Amino acid sequence: MTPALAIVRTNTILYCERWTDTVAFYRDTLDLTVTHTTEWFVEVHLSGSAHLSLTDASQTSIAPSHGAGITLSWQVADLATTRSTPVAAGLAVTAIAARWNSSYVELNDPEGTRIELWSPTP
């Protein structure tokens with residue numbers, strides 16, 4: 001039986017005041033693949049059918065949240081290796097810590113959005 005809400009693709013949209021810096025962060029620093037772009041909108045692929053879109057808030061009717069109340073929580077295959085990418089780029093990344101049968105680190109994008117990278121503890 002198909003559920004009433006059969007979601008095929010997900011896309012989280014961040015409305016950005018620091019759009020250029022935020023696009024560079026996700027595209028260049030985190031090395032996520034751009035799947036669509038316009039002069040004020042960039043979509044990156046996260047995994048499977050999950051995407052993240054970055055919009056220039058000055059071009060929209062929705063105000064930026066500056067990361068307030070938002071956490072992007074992404075499970076990764078190898079936390080230590082994944083952590084090394086933003087660390088090598090000079091970003092502030094927490095040390096690996098444990099919580100809820102997982103290991104995790106936290107960092108923030110240029111808008112202040114909290115990003116949690118985690119892997120299950122074996």
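Colleague: What makes you say that the charged end of R99 sits over the ring of W100?

Modeller: This is a predicted model, and in it the charged end of R99 lies 5.0 Å from the centre of the W100 ring. The cut-off for such a placement is 6 Å from the ring centre, together with an angle within 35 degrees of the ring normal. The distance of 5.0 Å is within 6 Å, and the pair is listed as a charge over a ring.

Colleague: Over which other ring does the charged end of R99 sit?

Modeller: Over the ring of Y104, with 3.9 Å to its centre. That value is also within the 6 Å limit.

Colleague: Now the aromatic rings. How many aromatic pairs does the structure hold?

Modeller: Three. One of them is Y26 and W74.

Colleague: Why is the pair of Y26 and W74 called stacked, tilted or edge-to-face, whichever applies?

Modeller: A pair of aromatic rings is described by the distance of the centres and the angle of the planes. The centres of Y26 and W74 are 6.4 Å apart and the planes stand at 65 degrees. The limit for a pair is 6.5 Å, and over 60 degrees counts as edge-to-face, so Y26 and W74 are an edge-to-face pair. The two residues are 48 residues apart in the chain, with Y26 in helix 1 and W74 in strand 5 (residues 71-75).

Colleague: How do you know whether Y26 and W74 are buried or exposed?

Modeller: Buried means under 20% relative accessible area. Y26 has 0%, so Y26 is buried. W74 has 18%, so W74 counts as buried too. Y26 and W74 also belong to one aromatic cluster together with F25.

Colleague: What kind of aromatic pair do W40 and F41 form?

Modeller: An edge-to-face pair, with 6.0 Å from centre to centre and 75 degrees between the planes. The angle has to be over 60 degrees for that name, and 75 degrees meets this.

Colleague: Why is W40 called buried, partly exposed or exposed?

Modeller: Its relative accessibility is 31%. Partly exposed covers the range between 20% and 50%, so W40 is partly exposed. F41 has 16%, which is under the 20% limit, so F41 is buried.

Colleague: On to the sheet. What is the order of the strands in the open sheet?

Modeller: The order of the four strands is 1-4-3-2, with mixed pairing. Strand 1 (10-16) and strand 2 are at the edges, because each has a single partner strand. Neighbouring strands are turned against each other by 25 degrees on average, with direction ignored.

Colleague: How do you know that strand 2 and strand 3 pair?

Modeller: At least two bridges are needed. Strand 2 (residues 33-37) and strand 3 (residues 41-47) have four bridges and run antiparallel. T37 stands opposite V42 in strand 3.

Colleague: What joins strand 3 to strand 4, and strand 1 to strand 4?

Modeller: Six bridges join strand 3 to strand 4 (residues 50-56), and these strands run antiparallel. Seven bridges join strand 1 to strand 4, and those strands run parallel. Both counts meet the minimum of two. In strand 4, L52 stands opposite V44, while S53 is the bridge partner of I13.

Colleague: Why is H51 called buried, partly exposed or exposed?

Modeller: H51 has a relative accessible area of 8%, under the 20% limit, so H51 is buried. H51 is found in strand 4. Leaving aside residues up to four places away in sequence, H51 touches several residues, including R9, T35 and V44.

Terms used
Residues numbered from 1 in each chain as written. Predicted model: local features only at pLDDT ≥ 70, side-chain atom pairs only at ≥ 80, totals over all residues. Heavy atoms only, no water. Axes fitted to C-alpha atoms, helices over the stretch in contact; angles between N-to-C directions. Phe/Tyr/Trp six-rings, centres within 6.5 Å; stacked < 30°, edge-to-face > 60°. Buried < 20%, exposed > 50% of the residue type's maximum accessible area, 1.4 Å probe, protein only. Contact = heavy atoms within 4.5 Å.
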